[in-house]
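Student: I keep meeting words like "buried", "pocket" and "hairpin". Can you show me how each one is earned?

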Amino acid sequence: MKKNSHNLFLQSLICGSIGLFLIAIFFVMEHLAPFGNKSLVAADASIQYMDFFSYLKDVLTDKNSFNYSFSNGLGGSGLVIFSYYLASPINLLVLLFSKSNLQSFYDLAVAIKLSLAIATFSYYLQKRFQTEIKPFFVLLLSLCYGFMQYNIMWLDGVYLLPLILLGVWESSRKKFSFTLAISIGLSIIFNWYTGLINCIFSFFWMIYESALSYDHKKTFSVNFSSMLKQMFLFILAALGGILLSSCVFLPTFFSLKNGARSSLDISLLKLTFNGSILNTIEKYAIGVGSTKDGVALFSGSLTIIFFISYFLSEMKSKFQKIVSGLMAIFILAIIYWIPLSLLFSLMKEVDSYWYRYSYLASFFIIFVAGSYLSTFKYTKQQATTICKAALLFLVSLIVLYQFKPIITNKQLLVTVIGCIITLLLLVLITLFNGKTRYTAVAGLILMTIFELGLNAKWLIATNNNVSVYKNYVVNKQKQINTLKAYDSGSYRLSQTSENLTANYDEGLGYNYWPITSYTSNMIAKQMNLLNILGYRTEQNRMNIVNSPITATDSLLGVKYVLSDYNINGFKKVSSISLANGKSVYKNPYYFPMAFTSSNKVTAKINTWNTFDYTSNVYSDFAGKKIAIYEPLKYKIIQSGNSTIYNVQVKYHKNQQVFGNLTWNQVNNNNNLNINNIYTTGYAKWLSPSLFYIPMKVNQTNINIATNFPQSVGTLQQFYALNLKKIATVTQKIQKQKQKLIFKNGRIYGVIKAKKNTYLYLLVSKDKGWKIKINGKNVQPATFASDFMRLKLNKGSNKISLVYKTPYLSLGFLITFVTLLLLVTLYLIKGKIAFKTKSKFLEQ
């Protein structure tokens with residue numbers, strides 16, 4: 001029996017509300033914020049998302065910008081950050097929370113997105129299967145979809161997928177689907193990553209739906225003209241959705257091309273498998289997560305029983321089973337066969353959060369379960385079918401566990417018990433009427449909720465330090481605000497860290513100008529410059545900045561450093577209080593963000609040696625050869641499992657000492673003891689290459705000890721930086737500082753110049769900058785392969801730089817035109833339908 005749209009929407013809203021209520025209970029029981037001192041914020045959500053949400057809050061309150069922000073690394077457009085991390089409309093709720101309470105916001109956002117997934121899947125089930133599915137089964141399958149095993153950081157694609165595939169189904173019925181066009185457009189806008197994954201999957205789902213649509217004829221013959229019409233209508237609607245998203249996707253696409261991970265590594269494309277398909281069966285267990293060699297798709301015992309029942313049921317034709325079986329093989333192929341896995345990873349290597357598109361596989365499993373339930377009858381035959389299905393699953397799970405246990409005894413036991421209880425309740429529902437059936441239905445609902453809740457409890461990594469985070473944010477923001485009041489000029493700020501960290505987005509979070517950030521699409525030129533200047537590139541996603549490299553920091557415009565130890569040559573700003581263990585130190589050798597010079601400096605990167613390259617840059621600005629670094633002699637001493645580098649230096653107050661060791665192996669147990677002052681991880685993920693060595697005046701020996709002699713390469717470097725020499729360069733440059741006004745996306749001011757004078761800006765060259773001198777458009781040259789150099793006219797120079805995100809205006813134009821066409825088409829279609837209905841009534 002068909003339902004009208006109002007009833008469908010109402011029932012879906014009820015399902016979503018029930019889901020939200022259950023999530024609230026889970027939060028209370030697990031003491032999750034805002035109900036406790038724990039939070040869902042963990043891993044990347046902790047080291048990236050909190051700062052991104054702080055950035056979003058600043059943008060929405062007009063304190064920062066997506067168009068261009070100096071808080072984004074060395075400066076750049078924030079559009080990619082917006083489109084990948086922040087574009088979800090749910091994130092507007094960030095306005096209701098202070099920065100110190102963003103963990104509560106994050107938990108709430110996850111809860112809302114999960115409940116939306118439950119609601120949209122409920123709507124899909126009822127609309128797609130026009131024959132009645134029992135309401136409690138609709139609720140249970142929707143809960144299974146919302147609470148399936150999946151990473152909570154990519155949920156926008158999850159709650160929009162049911163609407164996209166509903167549009168695909170409408171296309172398979174030879175209709176132009178406005179649902180498909182709008183949902184694809186919104187999916188890409190809300191998160192282009194999962195949006196594109198959904199787009200690719202929708203194409204294959206269209207083939208699946210088209211194949212299923214021929215089954216009612218009970219023949220294998222295919223009407224190709226009908227199929228072409230279906231595919232044409234699908235492509236037309238999908239293209240409309242893509243064009244609708246142009247306001248975000250078009251400028252994002254061109255920004256991605258300039259990113260550090262824009263190129264495709266052909267070596268990744270191999271005709272092999274990246275895991276075992278059999279692992280998928282064993283990993284369908286409570287509390288099991290996905291790993292590289294196997295995907296976890298647990299979404300309740302109910303789902304897997306009905307999924308298998310579909311293929312055993314006599315209610316489904318052989319043709320339907322063959323088509324769905326082929327689709328199941330395809331689903332496994334996109335997970336395990338590298339060419340398809342790479343396609344659904346958007347042609348990029350994935351080295352964490354395995355199978356980010358696994359929600360597609362879970363959707364298919366639950367869809368097949370729903371298809372079975374659309375023909376479910378209360379008969380002994382159905383009871384026999386589900387018993388066979390459950391037995392088949394349990395036997396497969398237990399047998400595979402005996403050969404290669406990849407789950408724990410506890411996970412196996414709980415999953416088996418849950419499946420058996422679910423089966424018994426289903427048998428009672430199928431064979432009995434009245435109170436027995438109603439009691440069994442209530443029991444089945446509770447059992448399914450228990451399974452899904454236990455799976456979530458075991459899987460979710462939580463942060464138990466919400467109060468610690470609050471204190472950290474309050475103290476850090478206060479320190480940054482005090483520094484800005486102390487010095488309101490334009491400068492960059494860096495930090496030290498004795499411990500390895502990936503928290504490189506605090507510039508965005510606390511609205512200051514850093515020298516690095518951590519996103520999935522870093523600006524390639526900036527990363528390369530930082531790398532050659534001593535801040536090692538990690539996975540093309542960040543540069544490791546743990547200790548000060550004074551010559552480098554100065555060249556990048558770093559005027560202040562937040563540090564938990566003294567830095568020789570720097571002066572502690574005593575008027576700014578200690579915060580989170582760090583004080584503010586002023587770098588007297590900093591380069592201004594804008595300065596002039598008669599020297600035409602290019603400073604091309606022509607060596608891999610950090611110390612040589614940095615010396616060359618300073619020499620170019622000095623106009624003569626100047627060696628700011630002096631190599632130090634050292635001896636290598638083997639001591640058991642350690643290697644000690646004994647460095648000789650006549651240390652004085654005008655020096656800083658640095659070391660750099662190459663390594664050829666990576667091990668998470670590797671550490672470096674630096675002069676018995678501090679120990680840091682080394683030759684491992686997030687470890688630096690070049691490191692600062694704190695020393696005392698008149699100290700003559702340095703001992704650098706490693707516990708990984710087998711990992712050290714053939715090159716060891718130890719250099720002393722001569723602070724007097726860099727001071728002779730930087731003091732001269734500071735006198736040539738120009739008082740230009742720096743704002744996000746705009747730089748302006750007036751400079752009086754002599755003949756053959758150049759303006760140097762510590763700002764990355766980018767095609768988004770529109771530069772004018774005295775009203776005339778100019779193109780900048782570069783120095784250090786990234787920053788801008790402008791030739792000035794003799795006399796007065798009115799400088800104006802305005803940043804406009806490339807292709808943003810064109811993207812909005814395409815979106816507007818597409819939206820106009822879709823509205824027009826909708827009105828025309830509605831008018832035609834109205835006239836047809838009127839004529840029918842007249843007859």
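Tutor: We'll take a few terms in turn and set values against definitions. This is a predicted model, where local features need pLDDT of at least 70 and side-chain atom pairs count only at pLDDT 80 or more, while totals for chains, interfaces and linings use all residues. Residues are numbered from 1 along each chain as its sequence is written, and side-chain values use heavy atoms, with hydrogens and water left out.

Student: Why is Ala603 called buried?

Tutor: Buried means under 20% relative accessible area, exposed means over 50%, and partly exposed is in between (1.4 Å probe, protein chains only). Ala603 has a relative accessible area of 6%, so it is buried.

Student: And what makes Tyr807 partly exposed?

Tutor: Its relative accessible area is 31%. That value falls between the two cut-offs, so Tyr807 counts as partly exposed.

Student: What do the phi values of Ala603 and Tyr807 look like?

Tutor: Phi is near 55 degrees for Ala603 and near 70 degrees for Tyr807. Both are positive values in residues other than glycine. Most residues other than glycine have a negative phi, and most peptide bonds are trans. Ala603 sits in the loop between β7 (594–597) and α23 (610–622), while Tyr807 is in the loop between β24 and α25 (808–842). As for peptide bonds, a cis one joins Ala33 and Pro34, with omega about 10 degrees. Pro34 belongs to the loop between α1 and α2.

Student: How do you know what counts as a helix or a strand?

Tutor: They are DSSP runs, numbered from the N terminus: helices are H or I with at least four residues, strands are E with at least two. Helix α6 covers residues 156–172, which is 17 residues.

Student: What span is expected for α6, and what does the model give?

Tutor: The expected span is 1.5 Å times one less than the number of residues. For α6 that is 24 Å, and the helix reaches 25 Å from its first C-alpha to its last, which is close.

Student: Where does α6 bend?

Tutor: At Pro162, by about 30 degrees. That bend is the angle between axes fitted to the seven residues ending there and the seven starting there. On burial, 16 of the 17 residues of α6 are buried, leaving the helix mostly covered. Just after α6, Lys174 takes a positive phi of about 65 degrees.

Student: How do you know that β20 and β24 pair?

Tutor: Two strands pair if DSSP finds at least two bridges between them. β20 and β24 (residues 795–803) have five bridges, so they pass, in the antiparallel sense. Ile771 stands opposite Leu801, and Lys770 stands opposite Val802. β24 also pairs with β18 (residues 746–753), antiparallel over eight bridges; there Ile751 has Asn797 as its partner.

Student: What makes β20 and β21 a hairpin?

Tutor: Two bridges join them, running antiparallel, and two residues lie between them. Asn774 in the turn has a positive phi of about 55 degrees. Lys772 is bridged to Asn777 in β21.

Student: Which side chains of β20 are buried?

Tutor: In a regular strand the side chains alternate between the two faces of the sheet. Along β20 (residues 769–773), Trp769, Ile771 and Ile773 point to one face and are buried, while Lys770 and Lys772 point to the other and are not.

Student: What makes an empty space a cavity rather than a pocket?

Tutor: On a 1 Å grid over the protein atoms alone, a cavity is a set of points where a 1.4 Å probe fits but cannot get out; a pocket is an open set with protein on both sides within 12 Å along at least five of seven lines. Lining residues have an atom within 4 Å of a point. Grid points are joined across faces, edges and corners, and a volume is the space filled by probe spheres set on the points.

Student: How many cavities of 30 Å³ or more are there?

Tutor: Two. The largest holds about 160 Å³, and the second largest about 60 Å³. The largest pocket has a volume of about 1100 Å³, and α18 gives the largest share of its lining, nine residues.
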